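This briefing concerns a single protein chain and one of its helices, together with the strands on either side. Please examine the structure below before reading the points that follow.

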Amino acid sequence: MKKVIITCAVTGGAHTPSMSEHLPVTPQQIARQSIDAIEAGASIVHLHARDPNNGRPSGDPEIFRQFVTPIKEATNAVINISTGGGGPNMPIGERAQAGRVLRPEMCSLNMGSLNLVLSEMAERKREWKHDWEEPFLRGTRGLIFRNTYEDIEWILENIGNQGGTRFEFECYDIGHLYTLHYFLERGLVKGPLFIQSVFGLRGGIGAHEEDILHHKRTADRLFGDAYHWSVLAAGRHQMPVATLSSLMGGNVRVGLEDSLYIGHGQLAQTNAEQVRKIRRILEELGMAIATPDDARDMLGLKGRNEVNF
């Protein structure tokens, strides 16, 4: 029986606290929701940090440590630290600082720059909790989310080679697959790769069925059987695209970073709620859910005792 890895992206770098009262912000909230999502069936938790004083995305390893340590103590899950969510305008050494210091089993790694446009999120009327939120979102119309070849190589060297961390390679468009192939040919990354195809974000590839098929066909041609495929989709596309990709042999990612909803117009109250929903769908389709140790074996991870937290 096929085993599917469920990743849960618990809290986002791009989303702001005002978008949902259920989005975890403080280290205590992030730890609690992560543990609940793992108990619901997630084998990997993908994590960003926020400054608990003002809600801003942060790359501070000591803020990360406040929630990754209790998650590790309470669960056997794979902890995946973002290298992209500390703020698009941060220097790469600051943005990816937590991955370098904490040496987790996994980090995310964005495989290319893109126009990450989030300004539409500011159009709905809402009570903003912090004065930076609305201007930041509106300002993304002029934002380039920078992930240059130099940035990528810095992360591969300083977090991968020096820390033994493996990566969730986030590919927002077809060109990002070719960028990953370039680094594979140079020997800077090695299989098995864990490719996270990202659909439905403004500035990246869409979430049409043909987009998903094209991404998968291209990855198959470039990487053969040397990779594991996972998929995330933004907003209303989350569950339909996860279901479709699982039927195509893929793994799935859900979580409040990617969608704040559990159904049409209905806010999810927890990350675990989304994990339980996709788990039920997968099991009804005859698939087994990968345990954390299954994920470690599939992805060639170094093990939970080799981290610095």
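The buried residues of helix 9 pack against six elements: strand 9 (193-199), helix 8 (209-223), strand 10 (227-233), strand 11 (251-254), strand 12 (261-263) and helix 10 (271-284). The model is predicted. Helix 9 spans residues 238-247, and 7 of its 10 residues are buried, so the helix is largely enclosed by the rest of the structure.

**Helix 9 and its end**

- The buried positions of helix 9 comprise Gln238, Met239, Val241, Ala242 and Thr243, together with Ser245 and Ser246.
- Gly249, located just after helix 9, adopts a positive phi of about 95 degrees.
- Helix 9 also belongs to a right-handed β-α-β unit, in which it is combined with strand 10 and strand 11.

**Strand 11 and its pairing**

- Strand 11 is covered on both faces. Asn251 and Arg253 are buried on one side, while Val252 and Val254 are buried on the other.
- Strand 10 pairs with strand 11 in the parallel sense, over 2 bridges. Within this part of the model, Ser230 has Asn251 of strand 11 as its bridge partner.
- Strand 2, which covers residues 6-11, likewise pairs with strand 11 in the parallel sense, here over 3 bridges. Opposite Ile6 stands Val252 of strand 11.
- Two residues of strand 11 can thus be placed by both burial and partner: Asn251 is buried and is bridged to Ser230, and Val252 is buried and stands opposite Ile6.

**The chain as a whole**

- The chain contains 11 helices and 14 strands.
- For 309 residues, a compact globule would have a radius of gyration near 19 Å; the value for the chain is 18 Å, which agrees with that expectation.
- Taken along the principal axes, the box filled by the C-alpha atoms is roughly 50 × 40 × 40 Å.
- Of the 309 residues, 57% count as buried.
- Among contacts between residues at least 6 apart in sequence, 75% join residues at least 24 apart.
- The exposed area of the chain is about 12,700 Å², and carbon and sulfur atoms supply 47% of that area.

Key:
Residues are numbered from 1 along each chain as its sequence is written. This is a predicted model: local features need pLDDT of at least 70, side-chain atom pairs count only at pLDDT 80 or more; totals for chains, interfaces and linings use all residues. Side-chain values use heavy atoms; hydrogens and water are left out. Buried means under 20% relative accessible area, exposed over 50%, partly exposed in between (1.4 Å probe, protein chains only). Helices (H or I, at least four residues) and strands (E, at least two) are DSSP runs, numbered from the N terminus. Contact means heavy atoms within 4.5 Å. Two strands pair if DSSP finds at least two bridges between them. A crossover is right-handed if, with the strands pointing away from the viewer, the path from the first strand over the helix to the second runs clockwise. The radius of gyration is taken over C-alpha atoms; the globule rule is 2.2 Å times the number of residues to the power 0.38. Accessible areas come from the Shrake-Rupley method with a 1.4 Å probe; for residues, only the protein chains shown count as cover.
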